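Okay, thanks for coming, everyone. I'd like to walk through the empty spaces and the helix packing in this one, so have a look at the screen.

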Amino acid sequence: MDKKNTSGASHLLARFRGWIQAGAALLTNLHLPNFLKGGLYQGAGKTVCVPGLNCYSCPAASGACPIGAFQAVVGSSKFSFSYYITGFLILLGVLLGRFICGFLCPFGWFQELLHKIPTKKLSTKKLKPLTYLKYAVLLVMVFLLPAFLVNDVGMGDPFFCKYLCPQGVLEGAIPLSLANSGIRAALGSLFTWKFSILLAVIVLSIVFYRPFCKWLCPLGAFYALFNRVSLFQMKVDRNKCVSCGKCARACKMDVDVTKTPNHTECIRCGMCIRACPPKAVRFRYGFGEGKKEPVEPENTLKTGETK
């Protein structure tokens, strides 16, 4: 596929990202009638993990959450399921990187919808150190605690899901308690704690762009480790780029695609693609960095300069 066709496909993908996110959320939660029944889908689909953060306990969930599944069996070599989950996550990381965060994650889409609420928005550029928190959450709550604090059969608590993940309350506890009086009566202090986290994420998402994705999501942290080597990448045509800076200003993940096109925080949302006047930014899929275009002197003039 030539660069012109690739650029056109990139703009099309970026333009319809919202619809793709909605479709991914629906496919991840196909069993909508279960919301009224107050029960969970427990068919064969629950043995397969979905790519994004989506609670297993959601009545409509059609698959398992990869983070929850990994925590459930990470503490024991008796469970081959752990190797399947690890391999599944690595495969997705290599194939797509954080494209999953930008296009396929239901909770990421939820935060974006909240951010559309008209009110004053705040930048997260001065809060960049907080982006390292999600790696600590991945290491401690997803791996170390479930791996070493286990019972007699080698099962550890899903610490992240149980004590931190707001998606579990949003998709699981709230709809199940509304439809099931028994579950509603059993709610206690843990639900109050998790509900408080959910409220905090909701409020923060209105004023900040994707705060949970940036600062706390262990799944995003895992995919970020593969962003620089994933097959799905960002590409900047240096011959077309006029250094106007519009791509950097459009990026809500605080990334300058012209400097670090495959930054760990880039979720491949395509905002930079849509903002670029000369269409110098595009998606690219494949090994390596692709064919390098020689930089032509006459095309390297900055905005406002003349020959």
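Before I start, one bit of vocabulary: when I sort residues by class, Ala, Val, Leu, Ile, Met, Phe, Trp, Tyr, Cys and Pro go down as nonpolar, Asp, Glu, Lys and Arg as charged, and the others, Gly among them, as polar. Also keep in mind that what you're looking at is a predicted model.

Let me use that sorting right away, on the second largest cavity. Its lining splits into nine nonpolar, two polar and two charged residues. The volume there is about 60 Å³. There are 13 lining residues, and the ones nearest the centre are Cys101, Cys105, Cys213, Cys217 and Gly220. Which helices feed into that lining? Helix H6, residues 99–103, and helix H14, residues 218–224, each put in at least two residues. H14 is the top contributor to this cavity, with three.

Now the other one. How many cavities of 30 Å³ or more do we get in total? Two. The largest cavity comes out at about 100 Å³. Here, too, 13 residues make up the lining, and Cys251, Val255, Cys266, Cys269 and Cys272 are the ones nearest the centre. By class, the lining of this largest cavity has eleven nonpolar residues, one polar and one charged.

Right, on to the pocket. The largest pocket has a volume of about 530 Å³. It's lined by 24 residues, and closest to the centre you'll find Cys55, Ser57, Cys161, Gly168 and Lys194. Four helices each give at least two residues to that lining: H4 at 66–73, H9 at 159–163, H10 at 166–179 and H12 at 189–207. So which of them gives the largest share? That's H10, with six residues. If you go by class, the pocket lining is 16 nonpolar, six polar and two charged.

Two of those pocket helices, H4 and H12, come back in the packing, so let's go there.

Take H4 first. H4 packs against helix H8, residues 133–148, at an angle of about 20°, and the axes are 8 Å apart. Are they roughly parallel or oblique? Angles under 35 degrees count as roughly parallel, so H4 and H8 are roughly parallel to each other. H4 passes H8 in a right-handed crossing. On the H4 side you have Ile67, Phe70 and Gln71, and they meet Met141, Val142, Phe143 and Pro146 of H8. That contact comes to six nonpolar residues and one polar, with no charged ones.

Next is H12, which pairs with H7. Their axes come within 7 Å and cross at roughly 60°. That angle makes H7 and H12 oblique to each other, therefore, rather than roughly parallel. The crossing of H7 and H12 is right-handed. From H7, the contact uses Phe107, Phe110, Gln111, Leu114 and His115, and from H12 it uses Val201, Ile202, Ser205, Ile206 and Val207. Sorted by class, the contact of H7 with H12 is seven nonpolar and three polar, again with no charged residues.

H7 has another partner, and that's my last pair. Helix H2, residues 17–28, packs with helix H7, residues 106–115, at about 130°, with the axes 9 Å apart. Why do I call this pair oblique? Roughly perpendicular stops at 115 degrees and roughly antiparallel needs over 145, so H2 and H7 land in the oblique class. H2 passes H7 in a left-handed crossing. The H2 residues in the contact are Arg17, Gly18, Gln21, Ala22, Ala25 and Thr28, and H7 brings Pro106, Trp109 and Glu112. By class, that gives four nonpolar, three polar and two charged residues for H2 with H7.

So, to leave you with a picture: H10 gives the largest share of the pocket lining, H4 sits roughly parallel to H8, and H7 is oblique to H12 and to H2. That's me done, happy to rotate things around on screen if anyone wants to look.

Definitions and conventions: Residues numbered from 1 in each chain as written. Predicted model: local features only at pLDDT ≥ 70, side-chain atom pairs only at ≥ 80, totals over all residues. Heavy atoms only, no water. 1 Å grid on protein atoms, 1.4 Å probe; cavity = no way out; pocket = protein on both sides within 12 Å on 5 of 7 lines; lining within 4 Å. Points joined across faces, edges and corners; volume = space filled by probe spheres on them. Axes fitted to C-alpha atoms, helices over the stretch in contact; angles between N-to-C directions. Parallel < 35°, antiparallel > 145°, perpendicular 65-115°, else oblique. Left-handed = near helix turned anticlockwise from the far one by under 90°. Contact = heavy atoms within 4.5 Å.
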